[in-house]
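Hello,

Here is the structure I promised to pass on to you. Have a look at it first, and then read my notes below.

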Amino acid sequence: MKLVFAGTPEVAVPALDALIASGHHEVAAVVTRPDAPAGRGRRLVASPVAQRAEEAGIEVLKPVKPSDEDFLARLREIAPDCCPVVAYGALLPQVALDIPVHGWVNLHFSLLPAWRGAAPVQHALMAGDEITGASTFQIERGLDSGPLYGTVTEVIRPTDTSGDLLTRLAFAGSGLLAATMDGIEDGSLKAVPQPADGITLAPKITVEDAQIDWSAPALRVDRVVRGCTPAPGAWTVFRGERLKLVQAVPVPDRVDLAPGELSAGKNNVYVGTGSHAVELLWVQPQGKKPMKGADWARGVRIAPDEHVG
């Protein structure tokens, strides 16, 4: 088939690579978000998908909105058979959805209908799910509600951050998306409606969502830290400034600390929760680089009965 791939961040690049390498399809163009400011100089930088497409000699389209008439006209000229999508980042109008013969097919990083929305991996981790995966489905007007083509599953490991899990799903999902394109092409794959039961929503995680509630059990603190790493980053307040928690692990045998109470030894620093303590392995003070929790604690000289939060 002739394909126009839509995607923006680094997590979409493995799927683009899989389609380019498949040999069964022609990636005629890529649709991505416009260049965005990045780095200290705030220079405009092309998205990871745009950079990869340019390396491969593929035409890149960067509409401000996918409803822009110039973009729609070019899409009609290309006349794609199907438009595979991975984390494009903009809502597609019906007029765009109607252009390809086989529509737009999205790779979503959850086992739909679970975790429909912008942050499925983060929500799966924060909810304590043991299994997740990726799904391909036909895009329609509803939020991630279109009929399913296929799924792959992935075990969530006890130490996974959202970054770890998303990286694995990006590669597992790339094979699923390529196989979905093959099945659509040869007619062996038909989309089936999503189950009516088991629908959960995964809205974007805000900075406020990432603030640690130290009265919650240690298991919940652990899930929030892992689910919010690397973005937006779990955090708390220490001496009036924000302290980001990069890595923290529950310590079941420390039950002597009140919620938020700090205890620092030579090589460890602990915080009390609503159950048992957690050890702060890595933290990032405001305006500084990440550092080991014990190094941070020595530098700030934690006083007796001092708290975070």
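A patch is built from residues with over 30% relative accessible area and no salt bridge, where like charges are joined within 9 Å and nonpolar side chains (Val, Leu, Ile, Met, Phe, Trp, Tyr) within 5 Å. Accessible area is taken from the Shrake-Rupley method with a 1.4 Å probe, and for residues only the protein chains shown count as cover. A salt bridge is a side-chain nitrogen of Lys or Arg within 4 Å of a carboxyl oxygen of Asp or Glu.

Please keep in mind that this is a predicted model, in which local features need pLDDT of at least 70, side-chain atom pairs count only at pLDDT 80 or more, and totals for chains, interfaces and linings use all residues. Residues are numbered from 1 along each chain as its sequence is written, and side-chain values use heavy atoms, with hydrogens and water left out.

On the surface, L143, I199 and L201 make up a nonpolar patch, together offering about 290 Å² of accessible area. Of these, L143 sits in the loop between β8 (131-138) and β9 (148-155); helices (H or I, at least four residues) and strands (E, at least two) are DSSP runs, numbered from the N terminus.

Next, the aromatic rings. Rings of Phe, Tyr and Trp (its six-membered ring) pair if their centres lie within 6.5 Å; planes under 30 degrees apart are stacked, over 60 edge-to-face, and the rest tilted. The whole structure holds one aromatic pair. F238 and W296 form this edge-to-face pair, at 5.0 Å centre to centre and 70 degrees between the planes. The pair links distant parts of the chain, 58 residues apart, with F238 in strand β10 (residues 234-238) and W296 in helix α8 (residues 293-300).

Finally, the backbone. Most residues other than glycine have a negative phi, and most peptide bonds are trans. The bond from L112 to P113 is cis, with omega near 15 degrees, and P113 is in the loop between β7 and α5. Another cis bond runs from A231 to P232, with omega near 0 degrees. R42, not a glycine, has a positive phi of about 55 degrees.

Best wishes
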